[in-house]
Amino acid sequence: MLGILNFNNTVSAAASSLKSGVTKQQKNNEDDKKFELYHFWENYTDDYLSSYVLEALEKNPSLKIANDRLRQSQALLGTINAQRLPHIGVNPSVYPYRSLSGKNYSSYNDISMPLFFNWEIDIFGKLSDKVQSGRYDVKIAKENVNIQKLSLSSEVCAMYFNIILTNELIENEEEILKNLEEVLKLKKQLYEGGIIKYDDLYITEYEKINTQDELNSLYKQRDILSHAFSFLRAAAPKEKITHRTMDETVLPFLPDAEINSDLIFNRPDVIQAEYAIKKAAFDVKVAQKMFLPSFNLNEIVGFESFRAGRLFNWESVVYQLGAGMLLDLYSGGYKKHFLKYNKELAMETLHKYDYTILDAVRETEDCLSSYKTDYKAFVDFKAMMGNSQHYYDVAHTRYLSGVGNRIDELDARRQYLINENTANRAKAASLVDTVSLYKALGSRIHE
């Protein structure tokens with residue numbers, strides 16, 4: 001069963017990580033978690049379901065957008081990482097000079113073609129911290145892709161079971177409607193013959209109208225589910241959805257199954273929140289190091305001459321090598337406020353992590369409670385189905401033997417179909433609960 005989590009220790013560890021920062025990338029790689037989507041839908045042993053989930057993971061537009069954003073973050077990381085490398089360029093230029101002083105007139109051009117080299121020496125690790133922050137941006141984007149995958153596969157499974165339920169409800173409601181039409185026809189004959197009261201006839205008419213209204217709602221629900229199911233898979237909305245029957249579906253585990261509560265820490269949103277804390281630590285370090293000076297190494301080599309014909313002679317070669325330091329003496333308080341902003345942003349990240357953990361526990365507990373209740377209802381109604389079947393068999397036998405009447409047989413059959421609908425609803429709810437529990441625990445319920 002799901003145990004009680006120690007949130008104080010968890011948040012304290014996260015706060016410690018934020019304050020101390022991260023100094024070694026090798027240590028980061030060892031500590032960072034990696035989410036792997038477990039193919040939980042295969043536990044339902046339904047080939048149709050598996051094919052639909054895989055199709056959605058391949059074609060869904062939202063998942064493609066998440067992958068696009070991942071590639072964007074990788075590209076941005078490349079731009080940040082490039083700042084640690086030297087910059088090399090060429091700057092050819094021509095500056096004309098004219099002298100009109102006195103009687104002498106002179107005109108010449110200062111022609112230069114230098115190759116310049118500039119490299120910021122990362123003595124204090126300013127650029128390295130920016131790169132580490134960018135790497136966590138990429139990891140956060142990767143977990144966003146995983147969040148989309150887990151959410152998408154869960155939604156496809158839940159919708160698939162609801163489609164099965166809706167189609168079977170429609171099939172039973174159509175039979176119930178025909179059943180009521182025949183009962184109404186027989187009761188009209190009895191009423192006209194003065195055998196029954198109008199009240200009995202009116203109740204049947206009212207039940208028929210309600211059944212027709214329920215059937216219309218189910219038709220509407222089936223169309224909406226079909227359209228949404230097609231959208232998740234980027235398929236044509238009018239396609240036929242092939243599926244198993246409700247009797248053929250299986251529950252992957254029972255409510256009393258042993259569940260590892262630590263699995264909530266393997267959820268992609270929890271891992272993403274942990275990455276956000278580590279990124280915030282680097283952002284604070286970057287803001288702190290803005291108060292330190294920057295050191296640059298500069299080198300220029302090229303040609304400079306007042307005449308184009310002598311530009312590439314040895315006498316025109318120029319060379320310069322030097323180093324410089326840049327330290328801002330006054331920036332209007334920008335650096336101080338930028339550091340304060342990043343610290344407050346880091347505290348917000350800690351609170352978001354705490355919220356994510358609490359929400360994960362709440363979601364898991366809700367799923368467990370729902371599954372226990374829905375499964376108990378399913379078991380109870382499944383047991384009652386045997387009694388309903390026996391009741392109908394007796395009524396059918398009595399009718400065939402001439403002891404009973406047709407209306408009693410139709411009533412027994414209708415009651416059986418109503419009970420079957422209730423049992424199917426309870427089973428479908430149980431199946432959806434298991435899907436929700438897989439999602440709440442990051443696609444698996446045990447290691």
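## Helix pairs and a few loop residues

Let's start with two helices that run alongside each other: the axes of helix α5 (residues 126-192) and helix α6 (residues 198-232) come within 8 Å and cross at roughly 155 degrees. That angle makes α5 roughly antiparallel to α6, since anything over 145 degrees counts as roughly antiparallel. The crossing of α5 past α6 is left-handed. Sort the residues where α5 and α6 touch, and you get 22 nonpolar, 7 polar and 12 charged. Keep in mind that what you're looking at is a predicted model.

### The whole chain

Now zoom out. The chain has 9 helices and 5 strands. If you walk along from the N terminus, the order of elements is α-α-α-α-β-β-β-α-α-α-β-β-α-α. There are 447 residues in the chain, and 40% of them count as buried. The accessible surface of the chain adds up to about 25800 Å², and carbon and sulfur atoms hold 55% of that surface.

How are contacts in the chain spread along the sequence? Take the contacts between residues at least 6 apart in sequence: 82% of these join residues at least 24 apart.

### More helix pairs

Helix α5 has another partner. Its axis and that of helix α4 (residues 61-82) come within 9 Å, with a crossing angle of roughly 175 degrees. So α4 and α5 are also roughly antiparallel to each other. The contact of α4 with α5 is made up of 10 nonpolar, 8 polar and 6 charged residues.

Further along the chain you'll find α7 and helix α8 (residues 334-400). Their axes come within 9 Å and cross at roughly 165 degrees, so α7 and α8 are roughly antiparallel to each other too. As for handedness, α7 passes α8 in a left-handed crossing. On the α7 side, the residues involved include V270, A273, E274, I277 and V284; on the α8 side, they include F338, L339, A346, L350 and Y353. Altogether, the contact of α7 with α8 divides into 13 nonpolar, 4 polar and 4 charged residues.

### A closer look at E274

One of the α7 residues deserves its own stop. E274 sits in helix α7, which spans residues 268-289. Is E274 buried or exposed? Its relative accessibility is 16%, so E274 counts as buried; the cut-off for buried is under 20%. Leaving out residues up to four places away in sequence, E274 touches K33 and Y353. Y353 is a name you've already met, as one of the α8 residues that meet α7.

### Loop residues to find on screen

The loop between α6 and α7 is home to T245, and T242 is placed in that loop as well. Here's how each of these threonines pairs up with a residue much further along or back in the sequence:

| Pair | Separation in sequence | C-alpha to C-alpha distance |
|---|---|---|
| T245 and L165 | 80 residues | 8.4 Å |
| T242 and Y52 | 190 residues | 9.9 Å |

Which residues does T242 contact, once its neighbours within four places in sequence are set aside? They are Y48, Y52 and Y160. T242 has a relative accessible area of 33%, so it is partly exposed. T245, again without residues up to four places away in sequence, touches I164 and E168. With a relative accessible area of 35%, T245 is partly exposed.

### Two positive phi angles

Some background helps here: most residues other than glycine have a negative phi. That's the reason to point out T45, whose phi is near 50 degrees, a positive value in a residue other than glycine. You can find T45 in the loop between α2 (25-31) and α3 (47-59). Its relative accessibility is 45%, so T45 counts as partly exposed.

A234 is another case, with a phi near 55 degrees, which is positive in a residue other than glycine. Where is A234 placed? It is in the loop between α6 and α7. A234 has a relative accessible area of 43%, so this residue is partly exposed.

Methods. Residues are numbered from 1 along each chain as its sequence is written. This is a predicted model: local features need pLDDT of at least 70, side-chain atom pairs count only at pLDDT 80 or more; totals for chains, interfaces and linings use all residues. Side-chain values use heavy atoms; hydrogens and water are left out. Axes are lines fitted to C-alpha atoms, for helices over the stretch in contact, and angles run from 0 to 180 degrees between N-to-C directions. Helices (H or I, at least four residues) and strands (E, at least two) are DSSP runs, numbered from the N terminus. Angles under 35 degrees count as roughly parallel, over 145 as roughly antiparallel, 65 to 115 as roughly perpendicular and the rest as oblique. A crossing is left-handed if the near helix is turned anticlockwise from the far one by less than a right angle, and right-handed if clockwise. Ala, Val, Leu, Ile, Met, Phe, Trp, Tyr, Cys and Pro count as nonpolar, Asp, Glu, Lys and Arg as charged, and the others, Gly among them, as polar. Buried means under 20% relative accessible area, exposed over 50%, partly exposed in between (1.4 Å probe, protein chains only). Contact means heavy atoms within 4.5 Å. Accessible areas come from the Shrake-Rupley method with a 1.4 Å probe; for residues, only the protein chains shown count as cover.
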